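Subject: The model, plus what I found in it

Hi,

Here is the structure I said I'd send over. Have a look at it first, then read on for my notes.

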Amino acid sequence: MESTSFAPRVLAELRTLGPVTLRVGGVPRLERRRKSLALLAFLARHAPARLCRADLAALLWPASPDERARQSLRQALAELRNALGDVVQSSVAQAWIAPESLTLDAAEFERDMDIGRLEEALARDTGPFLAGFDGVAGAHFDLWLAGERDRLRAIERVLGRKIN
């Protein structure tokens, strides 16, 4: 079911550097829902791309049979939509984040570095990307997570050289 609304109802903030938190209107949401938060982080890191639902199901529920993995994805997407409104969009085949509806600290960290706002970037760097999310899904998710962490650590090293 594809959403016909293009304007998100909610502006949300996802913190992924250090302890993972999702806030909507300043209120924490989905605090103990690691798989849903992992899905949201994955979608947010790939925004504005529309990602294949079958691939998302296989990434996050690799040990489950296909139908069970797809059902788990449907439940996680419904949970995200319940918490975030139109921030999370989907069709029968794809899922994505509505443009400019979710603030992601990792993306802001990269943006701050790109435009030379070093102090702001340093303030955002509060820990590893998706700390504590190792093993939340399968090996492919862990590989993606390790790659994201490596890329962000490389940016952190540049930041350290520029600050010193």
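Below are my notes on the pocket, the helices beside it, the core and a few odd spots in the backbone.

One thing before the details: this is a predicted model, and every value here is computed from it.

Let's start with the pocket. The largest one has a volume of about 370 Å³. Its lining is made up of 16 residues, and the ones nearest the centre are Ala-44, Ala-47, Glu-100, Leu-102 and Arg-111. If you want to find the place on screen, go by the elements: helix H1 (34-46), strand S7 (102-104) and helix H4 (105-114) each put at least two residues into the lining. As for its chemistry, ten of the lining residues are nonpolar, two are polar and four are charged.

Now to H1 itself. This helix has 13 residues and spans 18 Å between its first and last C-alpha, close to the 18 Å expected at 1.5 Å a residue. H1 is mostly covered, with ten of its 13 residues buried. Among the buried ones are Leu-37, Leu-40, Leu-43 and also Arg-45.

Two residues of H1 are worth clicking on. Ala-44 sits in this helix and is one of the residues nearest the pocket centre. Does Ala-44 count as buried or exposed? Its relative accessibility is 13%, and the cut-off for buried is under 20%, so Ala-44 counts as buried. Beyond its sequence neighbours within four places, Ala-44 is in contact with Ile-97, Leu-102 and Leu-104. The C-alpha of Ala-44 lies 8.8 Å from that of Leu-14, with the two positions 30 residues apart along the chain.

The other is Phe-42, also in H1. Phe-42 has 11% relative accessibility, so this residue counts as buried too. Leaving out residues up to four places away in sequence, Phe-42 touches Leu-51, Leu-56, Leu-59 and Trp-144. Its C-alpha is 9.6 Å from that of Trp-96, although the two residues are 54 apart along the chain.

H4 is mostly covered as well: seven of its ten residues are buried. The buried residues of H4 include Ala-106, Phe-109 and Met-113, but also the charged Asp-105, Glu-108, Glu-110 and Asp-112. After H4 comes Gly-116, which has a positive phi near 80 degrees.

On to the core. In soluble globular proteins, nonpolar side chains tend to be buried together. Here the largest nonpolar core has 50 residues, and Leu-84 and Phe-141 have the most contacts inside it. H1 gives the most to this core, with eight residues. Which residues does Phe-141 contact, apart from its neighbours within four places in sequence? They are Ala-38, Leu-59, Leu-60, Leu-130, Phe-133 and Val-136.

Leu-130 brings me to the backbone. This residue lies in the loop between helix H5 (118-124) and helix H6 (139-163), and its phi is positive, near 50 degrees, even though Leu-130 is not a glycine. Leu-130 is buried, at a relative accessible area of 0%.

Leu-130 is also one of the residues touched by Thr-16. Thr-16 sits in the loop between strand S1 (12-15) and strand S2 (21-24), and with 0% relative accessibility it counts as buried. Not counting residues up to four places away in sequence, the contacts of Thr-16 also include Ala-41, Leu-104, Asp-105, Ala-106 and Pro-128.

Glu-100 has a positive phi too, about 55 degrees, and is not a glycine either. You'll find Glu-100 in the loop between strand S6 (94-97) and S7. Is Glu-100 buried or exposed? With 78% relative accessibility, Glu-100 counts as exposed, and yet this residue is among those nearest the centre of the largest pocket.

Last one: Ala-47 and Pro-48 are joined by a cis peptide bond, with omega at about 10 degrees. Pro-48 is in the loop between H1 and strand S4 (51-52). Ala-47 takes us back to the start, as another of the residues nearest the pocket centre.

Cheers

Definitions and conventions
Residues numbered from 1 in each chain as written. Predicted model: local features only at pLDDT ≥ 70, side-chain atom pairs only at ≥ 80, totals over all residues. Heavy atoms only, no water. 1 Å grid on protein atoms, 1.4 Å probe; cavity = no way out; pocket = protein on both sides within 12 Å on 5 of 7 lines; lining within 4 Å. Points joined across faces, edges and corners; volume = space filled by probe spheres on them. Helix = DSSP H or I, 4+ residues; strand = E, 2+ residues; numbered from the N terminus. Expected span 1.5 Å × (residues − 1). Buried < 20%, exposed > 50% of the residue type's maximum accessible area, 1.4 Å probe, protein only. Core = buried A, V, L, I, M, F, W, Y, C linked by side-chain atoms within 4.5 Å. Contact = heavy atoms within 4.5 Å.
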